[in-house]
Amino acid sequence: MSPLEIGAISVAAIVLLIYLGVYIPIALTAVSFVSIWLMRDNFTLALNLLKIAVSDSAMEYPFATIPLFSFMGLVVSKAGLGSDIYAVMSAAFRRVLGGIGMATVGANAAFAAVTGSSIASASVFSKVAVPEMLRYDYNPRFAVGVVAGSSVLGMIIPPSAMLIIYSFVAEQSVGEMFMAGVIPGLMLAGAYIGTIWLMGRFTPGFVGGRPAEDYVPLAWGEIANRTLPMLILIATVIGGIYLGWMTPVEAGAAGAALGLLIAALRRTITLRGLWDTLIETGHITAAILFLITAASIYSRMLGLAGLPNELERMLAASDFNFVVIMVLYVILMLFLGTILDTSSIILIVVPLFLPLIELMDMSLVWFGIITVVGAEIGLLTPPLGISCFVIKATLDDPRITLKDVFLGALPFAAVMLAVLVVLIAFPSLSLALL
């Protein structure tokens, strides 16, 4: 078989296995292992490449960012910082039409800067923001749509688990990926707020809501008490990396220690809670390491099959330009987003397209932002919109169906696509802070 046929069959086999319910890393590893074995007719070679992939993944120093940032996010969630920042934002925006929705976006953006998890954001703000919006007679579809749409900010604004996974797959700096995610993340948050304002002005029936007659402004002391811990954490982690004072690993350690200190001072975490957090951190770390190892053996299989060289030859022989390739890439990600989660999309398509991006002399850091934003749209689209399922599972409200969550999230998925087009057209937006 030709390299292109091997690559196509392997991708189809991986997607089929995942769709049948096989655990993603197992599907990647099994297909890659069997492909190497069949291509070289050498079981020992396949086994040795698997050993190398495992050792390389586990021994990478930047890998330490994963448990540190995971622990920080879990501790911060237990400390109640998500609820605090939402209270401040909602108090400031309540008298604006759609203001509580804008507050949800702003709070989610701030929460994302210290957790890096879309699932955590969806879970927290489903409990905090949706009941509050329903209390002020907002349209249930709008309420859950805002939470679903803004929850994806957790995978774009650093520290993001998806940016970390991409940095390992593409062999890029974790710190540079974090810096590249700041402006696109803020752009998306701003686009969401602008969209909510337009909805309130031109489609008030979809937004709903009423003025907050019981609005009580927060005192400056209370605002400071609720926001300073979050601001200090953000300044420590992102500021430390940007100013060059800390490596991403050191920033993760500092953020984890600071988050634990905040939770302890607020008395929101017990020894039992700390132990549970450590166990959960271990589970997350093990899962991501398994993913990275599977991606490593998959990339080695594609290289052994000669697929990168074949794609380069095809590109040189065809008239495909940058625009055509990016259109095909985005369409592929949108399609895969309907059946796969974000990490699966990154692990499958990035090794296939990296040679083409390198051949066009485009930044792999910029390509990572495009990949994550494009793949994140899948969190909002059926049938596998994970954020939408999390919101439905978290809410105990018979008035809201899964259909309502997906329909409410649809406008925000469209906004994400528009922002993605802008980021593709203007790579400097992603690279401005580097």
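**Where helix α8 meets helix α20**

Let's start with one pair of helices: α8, covering residues 140-151, and α20, covering residues 402-425, have axes that come within 7 Å and cross at roughly 60°. That angle makes α8 oblique to α20, because roughly perpendicular only begins at 65 degrees. Keep in mind that you're looking at a predicted model.

Why quote both an angle and a distance? Two packed helices are described by the angle between their axes and the distance between those axes. There's also a handedness to note here: α8 and α20 make a right-handed crossing.

Now look at who touches whom. On the α8 side, the residues are Arg141, Val144, Gly145, Val146, Ala148 and Gly149, and they meet Lys403, Asp404, Val405, Leu407, Gly408, Ala409 and Phe412 of α20. Sort the residues of this contact by character and you get 7 nonpolar, 3 polar and 3 charged.

Time to zoom out. What else is the protein built from? It has 21 helices and 0 strands, and α8 and α20 belong to that set of helices. The C-alpha trace spans about 75 × 50 × 40 Å along the principal axes. For a chain of 434 residues, a compact globule would have a radius of gyration near 22 Å, and the protein has 22 Å, so the two agree.

How much of the chain is tucked away? Buried residues make up 53% of the 434. As for contacts with a separation of 6 or more, 79% of them are between residues 24 or more positions apart.

Technical notes
Residues are numbered from 1 along each chain as its sequence is written. This is a predicted model: local features need pLDDT of at least 70, side-chain atom pairs count only at pLDDT 80 or more; totals for chains, interfaces and linings use all residues. Side-chain values use heavy atoms; hydrogens and water are left out. Axes are lines fitted to C-alpha atoms, for helices over the stretch in contact, and angles run from 0 to 180 degrees between N-to-C directions. Helices (H or I, at least four residues) and strands (E, at least two) are DSSP runs, numbered from the N terminus. Angles under 35 degrees count as roughly parallel, over 145 as roughly antiparallel, 65 to 115 as roughly perpendicular and the rest as oblique. A crossing is left-handed if the near helix is turned anticlockwise from the far one by less than a right angle, and right-handed if clockwise. Contact means heavy atoms within 4.5 Å. Ala, Val, Leu, Ile, Met, Phe, Trp, Tyr, Cys and Pro count as nonpolar, Asp, Glu, Lys and Arg as charged, and the others, Gly among them, as polar. The radius of gyration is taken over C-alpha atoms; the globule rule is 2.2 Å times the number of residues to the power 0.38. Buried means under 20% relative accessible area, exposed over 50%, partly exposed in between (1.4 Å probe, protein chains only).
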